[in-house]
Amino acid sequence: MPMKFPSFRPQREAFPEKMWTRCPSCEEQLFNKQLERSMNVCPSCGHHFRLPAPVRLGQLLDESTFEERDAGLISEDPLGFVDSKTYPDRLAAAQVATGLRDDAVWGYGRVEGQRIAILVMDFGFMGGSMGAVTGEKVARAAEGALAERVPLVIVSASGGARMQEGTMALMQLAKTMGALERLRAAGVPYVSVMSDPTTGGVFASYAVVGDVNLAEPNALIGFAGARVGAGTIGQELPPGFQRTEFLFRHGFIDRIVTRQNLRKELAQILRFLAPARQEAARG
Amino acid sequence: MVDRILGRGRDGRDGKDAKDGREPRPDAPVPQTPEEAKAAVWTRVQLARNLRRPRILELLGAMADEFVELHGDRLFGDDEAIVAGFAIIGGHRVAVVGQQKGADTEENVRRNFGMPHPEGYRKAMRIMELADRSGLPIVTFVDVPGAHPGPESEERGIADAIARSVGLMTRLRVPIVTVITGEGGSGGALAIAVGDVVLALENAVYAVISPEGCASILWRTTDEAPTAAFAMKMTAQDQLAFGIVDEVIPEPGEGAHTDHAETARRLKEVIVRELDRLTAIPADALVEQRYRRYRSLGPYGEIAAPTPSPTVPPRSGLADRLRGLIEAGQRAMPAPLQVGRRDEPPAREDV
């Protein structure tokens, strides 16, 4: 019999959760309960806080309609990548921090009664970086939407491709775009929702090519890191560069939607894009 | 809008005479220490970036029987960082696309040091679509540090151009042969590098981000670029092992820059062989095969257990309990990722 140590690991629940959050935009101290009630949007300045994937799903979908698919996919370490930590260590830490296996979650759900395939990303998991699992889930979500002929919705939050997977991560651009091209050819609609931040390889693949592109206000959205750009080009960056409003002005976003209106607007757009197809599928 | 100005030509800079009979060098002795291995990789990165390295124009000058360059994206302008047109290679009429750097400063300014803007990729897409309609196979020559990262590029939709070009290439119904001839710089490279077969010159490199960019994010200094290059396994040989590259073509002498003609000859042999093979495959099978190729890239695992609950690790021992204690403490502290400051965007990877 192994000796049994008394448990001195504290019950997580026993720890008082942090009760206040300072808004990084207006510096206001916000009571967490209040922040939660306002959908993680600062009530005084409208700053949109980043959302964990389960919270995002809860905000967008009708209650308990989400059926997760492919929850068991996990990243591998094809390069044996080590910087200050090994890649598997980083993955393990991110899993503990977020309670997710990787940074994308996909499944089927309903928005105001309309069935959709939905994938959401979690920036808290390694910066929402796109590795093979992320790409695979996006491809499977697109294939799932195609199989059921229901609209695809992707909510992006990502710093770009996952460097720790090298060119394997880069190839996910081709994997996801290939699947989306098939979806498009079949006439199944795809709505892309960009949240803070949506950059790099994720922006330059599935996030930018929605049939309709929505974005939350003042989100960082762009191809190359602002500092990368400024550093290599040695050029002054225009004010508001790579923010939602900048992209909107230049014609790459259909609508800037606050989080409070997102579900309603998404449902409205889906009603225009989807009904004919859903009826065709039924009939 | 004009595709081509007649009489405007450029001779391939062939370099020195072909050093015939110079077979691929047996690989240098296997590096022993990590430092040596790192240095060997960094040497390849430098070779891939060599200014005298042949690019699309030099290679076509040496291997094509005919070459007609076409210009402009029909939307904004003509980006000279990307060369596109028609060529005849070993009897095959093909469309060609590739990035081009300049031979001197003046030309480099004109060609923006080989960093394409959106209009470059949109020109490439226009020519590739035309090739599709005309039944011409496509050969692409990839050598790019990365797509241009500046404000004009963002304003005109560099991400959109790259995404759509990648998407287009996954569905074109003509054979696509891609050659990574120098630097395969991330999304700017992949935008014209989705092929039925992907070849690479011996000293070419291919990576998701420049070693300098990777080092500045993960090591917080660009001095560690050689370390990052080594960690990302970016050499042609590594990419061959991953299945991202299908064949590595040995370079003559000290590298492709020493002998453009011989490099082009070796490359042409393989390109023609692949064109012969691919043109025999029916279009439907070809497209499906290409889709499968990219659909299957990138390893992942799958575990059976349903929803994970990693916040409660198994109570296996003292170490785990201590770790749990520390993590609980860390959780009680503010998580910096969740509330990133607006004036300080998080470090990001470019593509």
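Which residues does Gly102(B) touch, not counting residues up to four places away in sequence? The answer is given under Figure 1. This is a predicted model, in which local features need pLDDT of at least 70, side-chain atom pairs count only at pLDDT 80 or more, and totals for chains, interfaces and linings use all residues. Residues are numbered from 1 along each chain as its sequence is written, while chains are lettered from A and ligands numbered from 1 in the order in which they are written.

**Figure 1. The surroundings of Gly102(B), a residue in the loop between β3 (92-99) and α3 (105-110) of chain B.** Gly102(B) touches Glu107(B), Asn108(B), Arg110(B) and Arg111(B), leaving aside residues up to four places away in sequence. Two residues are in contact if their C-beta atoms, placed from the backbone, lie within 7 Å. Gly102(B) counts as partly exposed because it has 18 C-beta neighbours inside 10 Å. A residue is buried if 20 or more other C-beta atoms lie within 10 Å of its own, exposed if 12 or fewer, and partly exposed in between, with C-beta atoms placed from the backbone. From Gly102(B) to Asn112(B) the C-alpha distance is 8.2 Å, and the two are 10 residues apart in sequence. Helices (H or I, at least four residues) and strands (E, at least two) are DSSP runs, numbered from the N terminus.

**Figure 2. Strand β5 (residues 176-185) of chain B and its partners.** This strand is largely enclosed by the rest of the structure, because 10 of its 10 residues are buried. Two strands pair if DSSP finds at least two bridges between them. Strand β4 (residues 138-144) of chain B pairs with β5(B) in the parallel sense over 6 bridges; here Val142(B) has Ile180(B) as its bridge partner. With strand β6 (residues 197-201) of chain B, β5(B) forms a parallel pairing over 4 bridges, in which Val198(B) is the bridge partner of Thr178(B). Strand β7 (residues 205-207) of chain B runs parallel to β5(B) and is joined to it by 3 bridges, and Ala207(B) is the bridge partner of Gly185(B).

**Figure 3. Helix α4 (residues 132-148) of chain A.** The 17 residues of this helix should span 24 Å at 1.5 Å a residue, and its end C-alpha atoms are 24 Å apart, which agrees. The expected span of a helix is 1.5 Å times one less than its number of residues. Of the 17 residues of α4(A), 13 are buried, and the helix is mostly covered. Arg149(A), just after α4(A), takes a positive phi of about 50 degrees.

**Figure 4. Helix α9 (residues 259-273) of chain A and its packing.** From its first C-alpha to its last, this helix of 15 residues reaches 21 Å, close to the 21 Å expected at 1.5 Å a residue. Arg259(A), Leu262(A), Leu266(A), Ile269(A) and Leu270(A) are buried in α9(A). The buried residues of α9(A) pack against α2 (53-60), β5 (104-111), β6 (114-121), β7 (152-158), β8 (190-199) and β9 (212-215) of chain A.

**Figure 5. The two domains of chain A, domain 1 (18-49) and domain 2 (50-282).** The domain bounds come from an automatic or database domain assignment. The C-alpha centres of domain 1 and domain 2 of chain A lie 24 Å apart. Their contact takes 6 residues from domain 1 of chain A and 8 residues from domain 2 of chain A.
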